[in-house]
Amino acid sequence: MREGMRKPKAIIVVGSIAGISCTKALILAGWDVVVIEKIRGPPTGNPTGAGIALHPLSQKIVKSWLHQPDLLHNITLPLTIDQSYIQYSASGNFFWGHLYLTFCISHDKSTVNVKAKNLKTDEVIDIAGDLLVAADGSRSSVRQTFLPDSKLRYTGYCAWMGVFDFSENENSETIQGIRKAYPELGNGVHVDLGPGTHTVLYELMYKRLNWIWFISQPEPQLKGDSATMKVSSDMIKKMHQEAEKIWVPEFARVIKETKEPFLNLIYDCDPLTQIYWDNVVLIGDAAHPITPHCARSTNMAIADAAVLGKCLERWGPENLHSALEEHQSVRLPVTTKQVLHSRRVGQIKLGLPTPDREPFDPNTASPEDCEILKQRRLPFFDDVPSILE
């Protein structure tokens, strides 16, 4: 950007990990950033997130955004990172406690105007910028504006999830038992396969265990936009009974002693063929809703942000269309294949029918049958976009 020129301004809707990552990437590219976030303020206190897995490329990107790169290593366990940590001193202008309402592109398509409501006062504000970045998740209302016929696809299964906190009793019988059953706990992600089901277990920082249990069931009716289903005490009791029948006693005990487990319905979306329109771009789950089996959602969002930042920096604000076109050409081939691969892995693990193979049975599966389930079979697993090299 030439000296004396006005800094371009981007408006980012929702301060999710995708939004926060994009905030940092765009600031480094020389943009001013405004973030609209409906929560009332930044998280405080000890993190309570369920944890996310960061691929080596994501770790490299995040480290490049940190003032103290070693900090990432110091606060993580192998293959896991606490979700609440992704606060890289992004330094954007945050409108906390504001609900995104709508946007309008100017007639000459040079600017975009966003309306948001202050949830405390009900005041509606207008924010004008050069670029709108939609990081508003898998149920993106911005995406719906451009693609009203694009729908989320229910996968046919859901996931019980829970975080077992053992910080107050590190040597309980439950913890001793689970460490005996899983000697490598804390050094990676453990996946247990059963007929038509599977679980994921890994240790988090701050003396916590995260577990996920996938089960097939018809799509229930949900209220609102959340994919989290309200559960009753009877549902939890039945879940505990099933856990005792299927999983080793040590794991079933962790599940039973976890406070407030919840049930998430699993959705994805057929890959999009376009992720930007004029001066509006989708990133993260807004651009590519994906199932969780390959731990890609956060990694894809971080890569989206990094590539977008580099494209904007390379082309400059006067060539915004070219920057967004390059971003789309770099990211779409990758995200399309990863969404479809993760979908297929989920179908196989849940024993659901696929056109080219018999339903997967872990009791009779050969090593070749299990090969596709490995993380490294993910398309572009080790790929680094040339713009980031």
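In this predicted model, ring pairs tie Tyr 182, Trp 213, Trp 247 and Phe 251 together into a cluster. Counting across the structure gives eight aromatic pairs. One of the links in the cluster joins Trp 247 and Phe 251: their ring centres sit 6.4 Å apart and their planes meet at 50°, so this pair counts as tilted. Both partners are tucked away from the surface. Trp 247 is buried, at 8% relative accessible area, and Phe 251 is buried too, at 0%. Another ring has a charged companion: Arg 139 lies over the face of Tyr 267, 5.0 Å from the ring centre.

Next come the sheets. Six strands make up an open, antiparallel sheet, and their order is β9-β10-β11-β8-β13-β12. At its edges stand β9 and β12 (228-229), each of which pairs on one side only. In general, the strands of a sheet are held to one another by backbone hydrogen bonds, in a parallel or an antiparallel arrangement.

Starting from the β9 edge, strand β9 (residues 190-194) runs antiparallel to strand β10 (residues 197-204), and five bridges join the two. Within this pairing, Leu 193 has His 198 of β10 as its bridge partner. The two strands form a hairpin with two residues between them, and Gly 196, in the turn, has a positive phi of about 70°. On to the next neighbour: β10 pairs with strand β11 (residues 208-216), again in the antiparallel sense, over seven bridges. Here Tyr 202 stands opposite Asn 210 of β11.

The loop between β10 and β11 holds Tyr 206, a residue with a slightly unusual backbone. Most residues other than glycine have a negative phi. Tyr 206, though not a glycine, has a positive phi of about 65°. With a relative accessible area of 41%, this tyrosine is partly exposed.

Just ahead of β9 along the chain, the loop that follows α5 (173-181) and leads to β9 contains Glu 184. Glu 184 is partly exposed as well, at 47% relative accessible area. The C-alpha atom of Glu 184 is separated by 10.0 Å from that of Glu 203, a residue 19 positions away along the chain.

A second open sheet has three strands, in the order β4-β5-β6, and is also paired in the antiparallel sense. β4 (98-105) and β6 (124-129) are the edge strands; each has a single partner, so one side of each is left without a neighbour in the sheet. From one strand to the next, the twist averages 25°. Seven bridges connect β4 with strand β5 (residues 112-118), which run antiparallel. One of the matched pairs here is Ile 105 with Val 112, the latter in β5.

This sheet, too, comes with a loop residue of positive phi. Asp 122 sits in the loop between β5 and β6, and its phi is near 70°, a positive value in a residue that is not glycine. Asp 122 counts as exposed, at 51% relative accessibility.

As for the interior, the largest nonpolar core has 37 residues, and those with the most contacts inside it are Cys 22, Leu 26, Trp 31, Leu 131, Val 133, Leu 308 and Leu 312. Several elements each give two or more residues to this core, among them the strands β1 (9-13), β2 (32-37) and β7 (131-134) and the helices α1 (17-28), α2 (56-65), α8 (297-315) and α9 (320-349). The largest share comes from α8, which supplies eight residues.

Finally, the cysteines. A search of the whole structure turns up zero disulfides. Why is Cys 311 without a bond to another cysteine? The closest cysteine sulfur, in Cys 22, is 11 Å from the sulfur of Cys 311, which is too far for a bond. Cys 311 itself is buried, with a relative accessible area of 0%. Cys 370 is in no disulfide either, and the nearest cysteine sulfur, that of Cys 294, is 15 Å away. Cys 370 counts as partly exposed, at 28% relative accessibility.

Technical notes:
Residues numbered from 1 in each chain as written. Predicted model: local features only at pLDDT ≥ 70, side-chain atom pairs only at ≥ 80, totals over all residues. Heavy atoms only, no water. Disulfide = S-S within 2.5 Å. Buried < 20%, exposed > 50% of the residue type's maximum accessible area, 1.4 Å probe, protein only. Phe/Tyr/Trp six-rings, centres within 6.5 Å; stacked < 30°, edge-to-face > 60°. Lys NZ or Arg CZ within 6 Å of the ring centre and 35° of its normal. Pairing = 2+ DSSP bridges. Helix = DSSP H or I, 4+ residues; strand = E, 2+ residues; numbered from the N terminus. Axes fitted to C-alpha atoms, helices over the stretch in contact; angles between N-to-C directions. Core = buried A, V, L, I, M, F, W, Y, C linked by side-chain atoms within 4.5 Å.
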